[in-house]
Amino acid sequence: MGDFILARGNGRRIPKEDKIFGISNRAKAAIAEKGRENVVNGTIGALLDDEGKLIVLKSVDEVFRDLEPNDYAEYAPIGGIQPFREAVQKAAFGKHVPDGYTEAVATPGGTGSLRNVISNYSDVGDQILTSDWHWAPYNTIAGEIGRSVATYELFTKDGKFNIDAFAEKTAELLEKQESLVIIINTPAHNPTGYSLTLEDWKAVIDTISREAESGKTIALLVDVAYIDFAGDEDEYREFFPLLGTLPENVISIVAYSLSKTCTLYGARCGAMICVAKTREIADEFKRVCEFSSRGTWSNSARFAQVILSKIYNDAALLEKVNEERAKYRNMLQARGRAFSKAAAECGLEIVPYDAGFFISVPFDDPDRVSRKLEEQDIFLVPLAKGIRVSVASIPESACRSLPAKIKKAAETD
Ligand code: PLP
């Protein structure tokens, strides 16, 4: 912990450089020096077109450009403006609204929801449960407020959701702790692209219901950051009603984000939406989460809340946004299919992939393989158990040629 000059470490390990940003900067420098066509930058967590430009939904941009000064200059209430609190529930659940009491609290992106759930539904010192393959900032968010992350193996040997590992770890943590926050990122999980099937979901719900018989508190956080980029928007929401079947001592919280769904990454807008068994639990959710918001970022930016409210109050506009997004989703799916097919053809094993921005390739020595690839101006993200490829940020042609190059780099010393 001797790594600080004046700052206090408070048990945290803070690297000098964020690994992903470091690689990303090297990729940008390579592009500047050698030209975009000679470099593969598969590190970026945003949807880019084939020329490497950020995709921004025109239909959303038009709403932004029509805003009045008050729509962005005025403070929003801590929990969000009322039309947003209603609109975001429609955006998240679609036709599949779970039974129970729901409340939405605005947050700065899905990140804010994650932070507020951990701070309000776990004790200091607790472990938060998620899968071994997971979005690394979960560790940072938990660590910032004195918690840490424990993991279960996401996949069985034959590439199915590992419900036994999930159940075992849930039971183990509930033996030691008074409460447990469980994070499940689906559909189109980052970094694997896995989506829990309805069968997986039923098994998860059964397991949690069984473990809840202990009487302890469980908060099930469903991180749906990529929900509108998985596939059919209706089909991928079919699991939501299952959240309404959980017992009273389990609260489900959906972390919804406008970053990807509306291509408003920089607007920092999202919401945490609870599904609770009683009115009192839902009211408590609102009270504690708004309190936490006040003590961290205060209120969230107003303008993106107004944008989403306008979209959901205008059927024609909503259809336009959905159609435009579907076009880009098809492009993303084509890239994912191209990569999977090429991987199968050259015999490169990939982690079970369904949809979304990322595909992962398992390796024992991801840093070495990643260095080898960098020598050929291919920039990907090494994780603990493999390498993450952002198919969201590279053209279909690169998705087709990359698997063989990855395989070759892994096989050379
Ligand atoms: N969850 C996952 C798995 C993510 O990949 C991201 C963003 O990359 C987020 C949540 C949160 O994003 P934001 O805070 O921009 O909504």
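**Exercise 1. Determine what share of the contacts in the chain joins residues far apart in sequence, at least 24 apart.**

Solution. The structure is a predicted model, in which local features need pLDDT of at least 70, side-chain atom pairs count only at pLDDT 80 or more, and totals for chains, interfaces and linings use all residues. Residues are numbered from 1 along each chain as its sequence is written, and side-chain values use heavy atoms, with hydrogens and water left out.
Step 1: a contact means heavy atoms within 4.5 Å.
Step 2: take the contacts between residues at least 6 apart in sequence; of these, 72% join residues at least 24 apart.

**Exercise 2. Establish whether the radius of gyration of the chain agrees or disagrees with that of a compact globule.**

Solution. Step 1: the radius is taken over C-alpha atoms, and the globule rule is 2.2 Å times the number of residues to the power 0.38.
Step 2: for 413 residues the rule gives a value near 22 Å; the chain has 21 Å, and therefore agrees.
Step 3: the C-alpha trace spans about 60 × 55 × 50 Å along its principal axes.

**Exercise 3. Describe the surroundings of L402, and decide whether L402 is buried or exposed.**

Solution. Step 1: L402 lies in helix α15, residues 396-411; helices are DSSP runs (H or I, at least four residues), numbered from the N terminus.
Step 2: buried means under 20% relative accessible area, exposed over 50%, and partly exposed in between (1.4 Å probe, protein chains only). L402 has 1% relative accessibility and therefore counts as buried. Buried residues constitute 56% of the 413 residues in the chain.
Step 3: leaving aside residues up to four places away in sequence, L402 touches V40, F339, I378, L380, V389 and I394.
Step 4: E37 is 365 residues from L402 in sequence, with a C-alpha to C-alpha distance of 14 Å.

Methods
Helix = DSSP H or I, 4+ residues; strand = E, 2+ residues; numbered from the N terminus.
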